[in-house]
Amino acid sequence: MVKKFTLIFLLAGVCFAVTTAAPAAVSPTVKLTLLNTLARTGGEEYGVYGLGTGRLTLKSAGEKNVRAQLSLDTVIGDEVLLDVSRAYVKTRFPGFRITVGKDAVSWGEGTFFNAGDVIFGPVPVSGDLTAEVIRDDAVWLTSAYIPLGTYAFAEPVLLAPGLDLSASTGQGTSGSNGSFSPKDTAAGGRVVTKIAGIKTEAGYLFREAENTHNPYFALQGHLLADLYLAASVSIPGPESGLDMEAAFSFGVFHLQSMKNRPAGDLSFRLEGLLRPSGEWEAVPGGSDAYGILLYPEAVWDAARTLSFLGRSVVSPVDSSALFTAGVNWNVYEGLKVLGYIFMQAGEEEDLYGFRKPGGAGISAGLQYIY
Amino acid sequence: MKRILIRVVIAFIVPPSVFAVSAEDVVRRLEKNTVFETSRVEGSMVINDRFGRKESTFISYGRGTDDMLVEFTSVEEEGMKILRTSDELYLFFPEAEELIRMQGTALKESVIGSDMSYEDMTGGKGLLSSYRADLKGMEDVDGFSCYRVELEAKKDDVPYYRQTMWIDREIFIYRRVHKYSRSGKLLKIVEIEEIREVSGRHVPVRMKLVDSIKGNSSTYFTVTDIEIDIPLDSVLFSLEELTW
């Protein structure tokens with residue numbers, strides 16, 4: 001059933017993308033983030049290193065019904081790593097639109113923890129607390145957007161893994177011959193709407209590789225503070241050998257405008273992730289599958305172009321935490337001066353440990369978008 | 001001295017009815033002038049404070065008092081969109097494909113670091129449905145004779161409890177607005193610096209917004225191109241267009 005669905009979806013996506021192709025202008029953007037970092041390398045040793053990240057984005061422009069984007073990411077250290085972070089074409093027709101390629105998907109609710117994200121998981125892949133957008137992951141997909149009214153839409157999606165090219169490049173390490181299996185495919189969809197003033201989202205994803213059914217829902221509303229929550233469950237299929245797993249995440253946000261000195265907007269966010277079947281006792285080296293994790297965040301917009309932030313991931317199970325404090329000075333359009341101090345608090349065997357590599361450090365540099 | 005005496009005499013002997021218009025009339029004529037059936041605006045937003053200067057550009061589409069879609073076109077915010085309808089405000093960040101519904105205290109957040117908050121974009125239902133208007137007389141603003149109209153909130157779902165507007169007597173465009181909290185604290189100051197005639201209508205094309213609490217900062221909005229009463233597809237003001 002899934003194979004047939006997969007084939008139809010793929011063919012439909014390719015056909016639509018090809019038939020709507022039209023000449024379009026290109027709008028290029030470059031985002032460079034260049035930081036010098038002094039960080040603990042382990043034990044009592046510290047080291048200094050320079051690290052840059054760059055994203056070259058080429059967007060189509062000028063065509064009303066077709067949009068395309070190619071983004072190349074690079075990490076510049078003593079070597080250079082390259083990645084294609086976005087490569088998609090979107091096209092719209094009366095009543096629906098489709099996306100084919102590698103693109104971000106944002107299911108559920110949550111800045112850091114998001115139990116509704118059944119695609120990338122409730123804990124962000126990178127977990128970089130200095131990142132502007134913490135959840136910035138993309139996946140190869142074919143999706144459709146079907147409007148169901150002003151504030152509602154449905155979004156079916158097919159997630160096919162990218163073809164393993166290591167055999168053809170000669171870099172395969174696991175005896176790969178470039179083959180692929182339909183078993184690596186996932187498919188599902190979501191519906192987003194508004195019910196009684198609450199943004200409501202419900203969805204489902206079937207992962208053939210693990211043979212699991214993953215329904216979820218997410219809500220966003222306001223009651224004294226801005227609140228959001230998400231819940232998902234991974235239900236194993238027959239003979240999968242897996243246990244059912246549930247995850248719950250919540251978030252509270254509040255912004256306070258300070259009318260006296262020091263003036264500015266002070267915002268607070270607290271997110272939590274609960275996994276009843278996660279690890280509830282400390283394990284050596286720590287685990288991001290602990291049953292409970294917290295994410296507190298405070299941001300002070302001291303001036304229009306100057307803000308300070310504090311973010312942390314707290315692991316109550318082993319009483320360890322990661323702290324990041326930063327400053328972000330938007331000097332000119334596109335140019336930011338960035339500075340961060342980060343520290344892990346905990347023992348070496350905890351999820352976060354001061355003596356671990358990267359256990360403490362300071363970073364400073366520039367970001368420019370042009 | 002003679003001039004002051006004349007003004008005092010006029011103030012005492014001339015009844016308010018001589019203003020010939022009521023506060024509600026003035027506000028209605030203001031809204032008739034500043035609210036378009038549809039519009040498409042290209043413009044820029046220059047944010048200044050003691051730490052730096054930032055310029056962003058945008059295209060916005062409007063329909064009546066309620067609906068607005070803003071898309072930022074400057075490189076730093078490119079593709080970010082804001083959708084306002086009668087009762088909702090949504091943001092869309094294209095890089096993360098993230099759709100955010102703004103509500104509660106999040107509405108107090110600044111729009112891309114400017115002196116304008118998301119809250120300032122709400123409340124498009126018409127001033128007279130949210131405020132009681134009172135005409136306080138006439139005053140000159142930058143050499144233009146204006147009605148001074150005090151607005152006081154009828155209900156709590158407005159961002160500013162009280163507003164004072166100086167509305168040009170000739171063209172019925174406000175020249176200056178002071179916005180206050182319930183406690184009477186001056187929160188925002190709006191000043192119109194340039195007005196242009198477009199299709200027979202007077203349109204403010206350069207406006208200064210100051211957040212008086214934060215001080216030392218200002219945001220200039222400049223309209224570089226405007227079309228009014230043009231055909232617009234209603235799908236523009238929906239999540240479908242916001243997320244496109």
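Here are three short exercises on this predicted model, each with a worked solution.

**Exercise 1.** Work out how many residues of chain A are in contact with chain B, and which strands of chain A supply them.

*Solution.* Start with the count: 40 residues of chain A are in contact with 40 residues of chain B. Next, go through the strands. Those that each supply at least two residues of the side of chain A touching chain B include β5 (96-104), β6 (138-147), β10 (212-223) and β16 (320-332). Finally, sort that side of chain A by class: you get 18 nonpolar, 11 polar and 11 charged residues.

**Exercise 2.** Take helix α2 of chain B and find where its buried residues sit around the axis.

*Solution.* First, get the helix in view: α2(B) runs over residues 23-34, and its 12 residues reach 16 Å from first C-alpha to last, close to the 16 Å expected. Then pick out the buried residues, which are A23(B), V26(B), V27(B) and L30(B). These cover an arc of only 95 degrees around the axis, so they lie on the same side of α2(B). As for what covers them, look at chain B elements including α3 (127-130), β7 (131-141) and β8 (144-153).

**Exercise 3.** Decide whether A196(A) and S199(B) are buried or exposed.

*Solution.* Begin with A196(A), in the loop between β8 (186-195) and β9 (198-207) of chain A. Its phi is positive, about 50 degrees, though it isn't a glycine. A196(A) has 6 C-beta neighbours inside 10 Å, so it counts as exposed. Now S199(B): this residue lies in the loop between β11 (186-198) and β12 (201-211) of chain B, and its phi is also positive, near 50 degrees. S199(B) has 11 C-beta neighbours inside 10 Å. The cut-off for exposed is 12 or fewer, so S199(B) counts as exposed too.

Technical notes: Residues numbered from 1 in each chain as written. Chains lettered and ligands numbered in written order. Predicted model: local features only at pLDDT ≥ 70, side-chain atom pairs only at ≥ 80, totals over all residues. Contact = placed C-beta atoms within 7 Å. Helix = DSSP H or I, 4+ residues; strand = E, 2+ residues; numbered from the N terminus. Nonpolar A, V, L, I, M, F, W, Y, C, P; charged D, E, K, R; others polar. Expected span 1.5 Å × (residues − 1). Buried ≥ 20, exposed ≤ 12 C-beta atoms within 10 Å, placed from the backbone. Arc of directions from axis to C-beta.
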